[in-house]
Amino acid sequence: QVQLVESGGGSVQAGGSLRLACAASGFPYSRYCLGWFRQAPGKEREGVVGIYSGGGDTYYADSLKGRFTVSLDNAKTTLYLQMSDLKPEDTAMYYCAARLGVGYSSSYCYPQRQTYNYWGQGTQVTVSS
């Protein structure tokens with residue numbers, strides 16, 4: 001059973017940094033996608049970034065390139081999201097998600113909400129001005 005548990009959220013002032021972590025376990029296959037999504041109050045959940053476990057290929061939402069960096073530890077048990085130069089509009093619940101059944105196709109890891117099968121409970125990030 002795939003399990004995803006996020007941590008690291010909190011409150012920070014604009015311009016600050018945070019690092020989120022997602023403990024990931026229970027994968028039946030060695031190749032899968034992990035991703036970060038976020039949902040602000042009153043808005044739809046949007047993709048931030050996806051990463052392929054097979055080779056580390058990453059797919060960022062265009063609007064967030066440069067400020068957010070995703071990484072996966074060598075054991076492939078913890079997914080990170082390093083966020084810098086945070087802005088009030090980054091305030092949201094951040095979710096870790098997984099997509100199975102991707103085989104050798106890393107392009108499936110683009111963070112489209114509808115394509116990810118498993119979700120964590122989320123961690124809140126609040127950025128004040």
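The link between C22 and C96 is left-handed, with -75° about the S-S bond. In this predicted model, the two sulfur atoms of that disulfide lie 2.1 Å apart. The bond connects distant parts of the chain, since C22 belongs to strand 3 and C96 to strand 9 (residues 92-99), with the two positions 74 residues apart in sequence. C22 and C96 are both buried.

A search of the whole structure returns two disulfides. Besides the pair just described, C33 is bonded to C109 with an S to S distance of 2.0 Å. The link of C33 and C109 is likewise left-handed, at -80° about the S-S bond. C33 lies in strand 4 (residues 33-39), whereas C109 is found in the loop between strand 9 and strand 10 (118-119), so this disulfide ties together parts that are 76 residues apart in sequence. C33 has 0% relative accessibility and therefore counts as buried; C109, also at 0%, is buried as well. When the bonded cysteines of the chain are numbered in sequence order, the connectivity reads 1-3, 2-4.

The chain contains eleven strands and zero helices. Its pattern along the sequence is accordingly β-β-β-β-β-β-β-β-β-β-β. Strand 3, which carries C22, pairs with strand 1 and with strand 8. Strand 1 (residues 3-7) and strand 3 (residues 18-25) run antiparallel and are joined by five bridges; within this pairing, L4 has A24 of strand 3 as its bridge partner. Strand 3 and strand 8 (residues 78-83) are also antiparallel, with six bridges between them, and here L20 stands opposite L81 of strand 8.

The overall dimensions were examined next. The C-alpha trace spans about 45 × 30 × 25 Å along its principal axes. The radius of gyration of the chain is 14 Å, in agreement with the value near 14 Å that a compact globule of 129 residues would have. Of the 129 residues, 46% are buried. Among contacts between residues at least 6 apart in sequence, 61% join residues at least 24 apart. The surface exposed by the chain amounts to about 6,500 Å², of which carbon and sulfur atoms supply 44%.

Note on methods. Residues numbered from 1 in each chain as written. Predicted model: local features only at pLDDT ≥ 70, side-chain atom pairs only at ≥ 80, totals over all residues. Heavy atoms only, no water. Pairing = 2+ DSSP bridges. Helix = DSSP H or I, 4+ residues; strand = E, 2+ residues; numbered from the N terminus. Disulfide = S-S within 2.5 Å. Buried < 20%, exposed > 50% of the residue type's maximum accessible area, 1.4 Å probe, protein only. Rg over C-alpha atoms; globule rule 2.2 N^0.38 Å. Contact = heavy atoms within 4.5 Å. Areas by Shrake-Rupley, 256 points an atom, 1.4 Å probe, with all protein chains shown as cover.
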